[in-house]
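Visitor: Could you take me through one part of this protein slowly? I'd like a close look at how charged side chains pair up, and then at anything odd in the backbone.

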Amino acid sequence: MKNSRRAEFISWMKTISLALIIVIVLHTFVFQLSVVKGHSMEPTLKEKEILFVSKWKYMLGNPKVGDVIILENPIGPDGKEKWLVKRIVGAPGDRIEIYDHCLYRNGVQIEENYIDTMIEGEPFGPYVVQADHYFVMGDNRHARASLDSRDFHAVNRELIVGKADFIVWPISELNRL
């Protein structure tokens, strides 16, 4: 009787260990869930929404202009958030400028149907994005509403955690980004 309990216990421990290893591998390399904090991505994302973030996509390829990403805060947490959610608006080699309340990439005004206001604040640029870097901005273009590349310049590719693919919570907001 004791041997069967011990064998059952060992079997359970193996199963739990395997499940834990699978969860750790999936979280590290495949996906994670991320909670939106703050208002820098409004109107696209609202505070407390939960995002499904794909990590594997950027293991196989590079981020693209228009992607909504999760990145490590390039200026460090310093009382602020450790992670940021932003939209890529410039890729390596792009020349970014902001004037007349509009975003320009390589001299062409960008149609940004995901924002709800003209860009407020001071003109910016021209700024040429270095190799392995990406220029990111929040979708909330009100003055000082977003900590982004206008503050800390383009971010190194190494700081990008993954691509936010879906809003998964609340269910009423379930949507592909």
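Guide: Sure, let's start with one pair: the side chains of D165 and K163 form a salt bridge, with N and O 3.1 Å apart. Keep in mind as we go that this is a predicted model. Both of these residues, D165 and K163, are buried. There's a third member too, because a salt bridge means a side-chain nitrogen of Lys or Arg within 4 Å of a carboxyl oxygen of Asp or Glu, and K57 meets D165 at 3.0 Å, N to O. That pair ties together parts 108 residues apart in sequence, because K57 sits in helix α2 (residues 57–60) while D165 belongs to strand β11 (residues 160–169). Put the pairs together and you get one network of K57, K163 and D165, joined by salt bridges that share partners.

How hidden are they? D165 has just 3% relative accessibility, so it counts as buried. K57, at 24%, counts as partly exposed, because the buried label needs a value under 20%.

Now hop over to another pair. D139 makes a salt bridge with R87, and their closest N and O atoms are 2.7 Å apart. D139 is in the loop between β9 (133–137) and α3 (149–152), and R87 is in strand β4 (residues 83–90), so this pair links parts that are 52 residues apart in sequence. D139 and R87 are both buried. Altogether, the count comes to seven salt bridges.

On to the backbone. Here's some background: most peptide bonds are trans, and most residues other than glycine have a negative phi. With that in mind, look at the bond joining G125 and P126: it's cis, with omega about 5°. P126 is part of strand β8 (residues 124–128). Another cis peptide bond runs from W169 to P170, with omega near 5°, and P170 is in the loop between β11 and β12 (175–176).

Then check phi. D100 isn't a glycine, yet its phi is positive, about 50°. You'll find D100 in the loop between β5 (95–99) and β6 (102–105), and at 58% relative accessibility D100 counts as exposed. N106 is no glycine either, and its phi is positive at about 55°. N106 sits in the loop between β6 and β7 (108–109), and with a relative accessible area of 39%, N106 is partly exposed.

How values were computed
Residues are numbered from 1 along each chain as its sequence is written. This is a predicted model: local features need pLDDT of at least 70, side-chain atom pairs count only at pLDDT 80 or more; totals for chains, interfaces and linings use all residues. Side-chain values use heavy atoms; hydrogens and water are left out. Helices (H or I, at least four residues) and strands (E, at least two) are DSSP runs, numbered from the N terminus. Buried means under 20% relative accessible area, exposed over 50%, partly exposed in between (1.4 Å probe, protein chains only).
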